[in-house]
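Hi,

Here is the structure I said I'd pass on. Have a look at it first, and my notes on the side chains follow underneath.

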Amino acid sequence: MSNTAIILGAGNGTRMKSEKSKLLLEIDSVTVIERTVRVFYEAEEIDDIVVVCRNQDKETFSALLKKYRVRLVAGGATRQQSVMNAVETVKDCKLLVIHDGARPLVTRRVISDTVRVAKKYGAAATGVFVKDTIKVVDDSMQIVDTPDRSRLVSIQTPQVFDYRTYIEAGKLAKMQCRDFTDDCQLIENSGKSVFAVHGDYANIKITTPEDIALAENILRFREKSV
């Protein structure tokens, strides 16, 4: 049974301060969305790719991604709705591999590791241990707690889930009128466990203009390290 990657690219990206989608910005002359899709296209664990985008970007995305044989789906009002729009086009598969289109530096190793753990447990998400000390504050910004940093993981994507588990979790959330900004939360809400997978600090999310320069530097570092 096949695995389907769902690449999310329907956000407005207001923090990028750009009129066009941040996924159409270029990193070393290649658009963010093409870099992201290419990694999944080349990953042996992925059999099908669905890209979620804004209606106004469909024509441009279609031209850019034609050689990768992706299917394009219109985004919803929220992240969860966007994912469900894509899931509804998937007839049946083994695993759903959900990834932020704005994380173009994801590696095939991270995809492979996360899929492997999801095959074993039914739900997995890549992430990295936090480097900074985290403080919990109250409404007045007074520090009230300091969690153990060794137990804190910053979750990234891909997040990989058994297809039927995700479908059932989505039905439950809809019945509860709940909308989650993170797919792990959706699964956790259904009572299922999600397992974290050691990820990559370089798997950054392109959010602000500075991230473009950072991504280009990471690519140069990788080239020197080969």
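**Salt bridges**

Lysine 67 is exposed, at 54% relative accessible area. Keep in mind that this is a predicted model. The partner of lysine 67 is glutamate 34, and the closest N and O atoms of this salt bridge are 3.7 Å apart. Glutamate 34, in contrast to the exposed lysine, counts as buried, with 13% relative accessibility. Glutamate 34 belongs to helix α1 (residues 32-42), while lysine 67 is in the loop between α2 (58-64) and β5 (71-74), so this bridge ties together parts 33 residues apart in sequence.

The structure has 13 salt bridges, and I'll mention a few others. Arginine 54 pairs with aspartate 57, with 2.8 Å between the closest N and O atoms. Both ends are inside: arginine 54 is buried at 13% relative accessible area, and aspartate 57 is buried at 5%. Then there is aspartate 100 with arginine 103, where the closest N and O atoms are 3.2 Å apart. Those two residues are buried as well. They also belong to a network of salt bridges that links Arg79, Asp100, Arg103 and Asp183.

**Aromatic rings**

How many aromatic pairs turn up in a search of the whole structure? There are three. One of them is tyrosine 121 with phenylalanine 195, a stacked pair with 3.9 Å centre to centre and 15° between the planes. It connects distant parts of the chain, since tyrosine 121 sits in helix α4 (residues 108-121) and phenylalanine 195 in strand β11 (residues 195-198), 74 residues apart. Both rings have some access to the outside: tyrosine 121 is partly exposed at 42% relative accessible area, and phenylalanine 195 is partly exposed at 33%.

Another pair is phenylalanine 161 with tyrosine 166, whose ring centres are 5.7 Å apart; the planes meet at 40°, so this one is tilted. Here the rings are hidden, with phenylalanine 161 buried at 0% relative accessible area and tyrosine 166 also buried at 0%.

**Around tyrosine 201**

It is worth zooming in on tyrosine 201. Lysine 131 lies over the face of this ring, 4.2 Å from the ring centre. Tyr201 also takes part in a nonpolar surface patch with Phe129, Val153 and Ile155, and together the four have about 320 Å² of accessible area. Valine 153, one of the patch members, is in strand β10 (residues 153-162) and is partly exposed, with a relative accessible area of 32%.

**Cysteines**

How many disulfides are there? The count comes to zero. Take cysteine 53: the closest cysteine sulfur is that of cysteine 93, and at 20 Å it is too far away for a bond. Cysteine 93 has its own closest cysteine sulfur in cysteine 184, and that distance of 17 Å is again too far for a bond. For comparison, a disulfide would need the two sulfur atoms within 2.5 Å. Both of these residues are buried, cysteine 53 at 0% relative accessibility and cysteine 93 at 2%.

If you open just two spots, I'd suggest the network around Asp100 and Arg103 and the ring of tyrosine 201 with lysine 131 over its face.

Cheers

Note on methods:
Residues are numbered from 1 along each chain as its sequence is written. This is a predicted model: local features need pLDDT of at least 70, side-chain atom pairs count only at pLDDT 80 or more; totals for chains, interfaces and linings use all residues. Side-chain values use heavy atoms; hydrogens and water are left out. Rings of Phe, Tyr and Trp (its six-membered ring) pair if their centres lie within 6.5 Å; planes under 30 degrees apart count as stacked, over 60 as edge-to-face and the rest as tilted. Helices (H or I, at least four residues) and strands (E, at least two) are DSSP runs, numbered from the N terminus. Buried means under 20% relative accessible area, exposed over 50%, partly exposed in between (1.4 Å probe, protein chains only). A charge sits over a ring if NZ of Lys or CZ of Arg is within 6 Å of the ring centre and within 35 degrees of the ring normal. Patches are made of residues with over 30% relative accessible area and no salt bridge: like charges are joined within 9 Å, nonpolar side chains (Val, Leu, Ile, Met, Phe, Trp, Tyr) within 5 Å. Accessible areas come from the Shrake-Rupley method with a 1.4 Å probe; for residues, only the protein chains shown count as cover. A salt bridge is a side-chain nitrogen of Lys or Arg within 4 Å of a carboxyl oxygen of Asp or Glu.
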